[in-house]
Amino acid sequence: MDIFLQQIINGLVQGSIYALVALGYTMVYGIMGLINFAHGEVVMIGALISITVTSTLAAAGMPLGLAGLFGLVAAMLTCMALGWSLERIAYRPLRGSPRLTPLITAIGMSIVLQNLAMIFWGRNYMTFPPLLPKVNFEFAGTHFTLVQVVIVLLSAALMAGLVFLVYRTKLGMAMRATAQNPAVASLMGVNINRVIASAFVIGSALAAVAGVMVGSYYEIAHYQMGFMLGLKAFTAAVLGGIGNLAGAMAGGILLGIIEALGAGYIGDFTGGFLGSHYQDIFAFVVLIVVLMFKPSGLFGEKTGDRA
Amino acid sequence: MQAKLSVVALSVAAAFALSACGQKDAPAPVAAPAAPEAKPEIVVKLGHVAPMTGPQAHLGKDNESGALLAVEELNAQGLEIGGAKVKFQLVSEDDQADPKQGTIVAQKLIDAKVNGVVGHLNSGTTIPASKLYFDAGLPQVSPSATNPKYTQQGFKTAFRVMANDIQQGKVLGEFAAKQGVKTVAIIDDRTAYGQGLADEFRKAAEAAGLKVVANEYTNDKATDFKAILTKIKSTKAELVFYGGMDAQGGPLVKQMKDLGIKAKFLGGDGVCTPEFMKLGGPAADGEYCSLPGVPLEQLAKGPEFKSKFEAKFGYQIQLYAPNAYDAVMVIADSMKRAGSVEPAAYLPEIAKTKMEGVSGNIEFDQFGDLTSGAITLYQYQGGALNYVETLGGAPVAPAAEAPAAPTAPAAPVEEKK
């Protein structure tokens, strides 16, 4: 039982990160119907920026906690600027073109960002300075660390903040209006360009936080770390119903838990026929099954009210 | 066969510093012109292949220097083979650690009608090139390719003077048993290297009476191992063996401690690097890993070779120079016994080699592997690798049981061996 509980905890932490990244996919999709495949790379850039800033400041004598905070802020600002530029340079000129064009552009941007990061930070793995003290908790036979607790709580807080923003603020209302019908929204005086740009900026800020989380959780960062994470988060968004905020969160956490349980138990269930190297495949098997029976995702609605 | 980034990184610095202070660019055919002799002289050309450019250039240079030292010593001895005086000449080629380039230079050496080949350095280049040498009937002795496949293709021309990954897996399995543990869990990264090493470890561990309670798998890009580690925790394994590289092994050993797993950790050469210690941090302290070969200080002829090498070249041995030296000596010794420098004539003699090289005893089994490939165990301590002990490998397993998949180079430039 404690092992089962431990796998749930493992999945919950991993799932919170997926959920945070999935929000970025789902917001952009909800508003403009674009799947921003470069989003995983924004997470990676966030992690690498925060490493560089944190270790530079820490080397200059700043206490690690404070340096980490600066690193986080720097990562968020850089990623917000990056998200804004991506939209302005790569996607806005293609607005109104067939849907495939911006999709391929997004894949292209993902490759460009990866290669830029490789040139800038090199091919080697980088170690992430431990931002939080190493505290281990033991509860009912399960083990978890302070970092894990912070990841789950911070993700929950950020998601709550995003829901508040979308449903209780003027910008949020403009976002929902644009999602429903961009043409009508603009006739009503909504500045579509600003709304779309702010979706990218907010999503990228969340991605930066996710990057710092992933980095400090595994204490490792690399220019390719964003690719698989982005793919999983995209899967989570589709699983929950892409375009739906609650769906992205539920999808992320569900995916994390399915993966952990899958890797932990598949060997026992199949008598060793399938092993834990099928861990990554779970994400995609689940995706295919959901799309077969409920193409709009678990929380997806057939029409309207996206974002 | 796999990456040893850290060693590479360390030695790059050294190599750069050294090459900066006045190296005259070793010319391809290297051999001091001997004084004119009354007797007719035969020139024996030996090919040497290693990456001489790129990130592993310092290792290639190291091998070449080892081979060069052997050639010059042989020439100074005034060796006679079949009644004629011979002069050895080293023809050095650069394969850039690239499998494609490896076959190109192999063909070049065959066309140049060399009498034998020392190389290549990497498994990834050695294996494809070995086919060409076999077809040409040209004896090949690799100083440092460890992938078992190299000698298991049925090529009678392929030899190596270093322990292979099968031998390493065996030593690790026996070492695990000596740690006083009863149950082990095995994780591998499903690459040819990781899977091969893990399979060999499993066989040896079971033979030594250990119970394998979990076989788990990951991949060479993973960062999260908590799910498989949690499962391992439930089996109460007392030791976790990892077949894979340092970039995964470091986070893995860290996550073991996070989950409160008290089991020991053990790994092969892929994690026996400073990079592993950097990524694993204090979690790695006190755990063990292995590297093929013996520390030079432990060998009868080692310290003498070391001082000769440093006196001649003015820089330190990087890694495999002693093995490259031995590879040349194995070829020369076989020619002497055969009384001929012709590949077809002296090839059968290589298999009968019995000599004490600077890197240890050299005797081949029917595949061309060392019968007693030595493996050295190290312990991680405070960010350093401390020598523990050296264990001689036992005879290799039959070819049928060996992993047949070739090394898939993960990076454009394959690292070491």
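**Exercise 1. Which elements of chain A and chain B do the buried residues of α8(B) pack against?**

Keep in mind that this is a predicted model.

Step 1. Start with the helix itself. α8(B) has 13 residues and spans 18 Å from its first C-alpha to its last, close to the 18 Å expected at 1.5 Å a residue.

Step 2. Check how covered it is. Eleven of the 13 residues of α8(B) are buried, where buried means 20 or more other C-beta atoms within 10 Å of the residue's own. The list has B:D246, B:A247, B:Q248, B:G249, B:G250 and B:P251, followed by B:L252, B:V253, B:K254, B:Q255 and B:M256.

Step 3. Now look for the partners. On the chain A side, the buried residues of α8(B) pack against α8 (192-218) and β4 (220-221). Within chain B, they pack against α7, β10 (239-243), β11 (264-267) and α9.

Step 4. Step off the end of the helix. Just after α8(B), B:G260 takes a positive phi of about 75°.

**Exercise 2. Work out which element supplies the largest share of the side of chain B that touches chain A.**

Step 1. Count the residues in contact: 25 from chain B and 23 from chain A.

Step 2. Sort the chain B side by element. β9 (211-217), α7, α8 (246-258) and α9 (274-280) of chain B each bring at least two residues to it.

Step 3. Pick the winner. That's α7(B), with seven residues.

Step 4. Go by class: this side of chain B holds ten charged, eight nonpolar and seven polar residues.

**Exercise 3. Is α7(B) mostly covered or mostly open? Describe how it ends, too.**

Step 1. α7(B) runs over residues 226-235, and eight of its ten residues are buried, so by the 20-neighbour cut-off the helix counts as mostly covered.

Step 2. Name them: B:K226, B:A227, B:I228, B:L229, B:T230, B:K231, B:I232 and B:K233.

Step 3. Just past α7(B), you'll find B:K236 with a positive phi of about 55°.

**Exercise 4. Find the residues with the most contacts inside the largest nonpolar core.**

Step 1. The core has 205 residues, and the ones with the most contacts inside it are B:V240 and B:V328.

Step 2. Ask who contributes. α8(A) gives the most, 16 residues. Both domain 1 (5-163 + 296-372) and domain 2 (166-292 + 375-401) of chain B put in at least three residues each.

Step 3. Zoom in on B:V328. Leaving out residues up to four places away in sequence, B:V328 touches B:L46, B:A67, B:A70, B:V71 and B:V118.

How values were computed: Residues are numbered from 1 along each chain as its sequence is written. Chains are lettered from A and ligands numbered from 1 in the order in which they are written. This is a predicted model: local features need pLDDT of at least 70, side-chain atom pairs count only at pLDDT 80 or more; totals for chains, interfaces and linings use all residues. A residue is buried if 20 or more other C-beta atoms lie within 10 Å of its own, exposed if 12 or fewer, and partly exposed in between; C-beta atoms are placed from the backbone. Helices (H or I, at least four residues) and strands (E, at least two) are DSSP runs, numbered from the N terminus. Two residues are in contact if their C-beta atoms, placed from the backbone, lie within 7 Å. Ala, Val, Leu, Ile, Met, Phe, Trp, Tyr, Cys and Pro count as nonpolar, Asp, Glu, Lys and Arg as charged, and the others, Gly among them, as polar. The expected span of a helix is 1.5 Å times one less than its number of residues. A nonpolar core is a set of buried Ala, Val, Leu, Ile, Met, Phe, Trp, Tyr and Cys residues joined through C-beta atoms within 7 Å. Domain bounds come from an automatic or database domain assignment.
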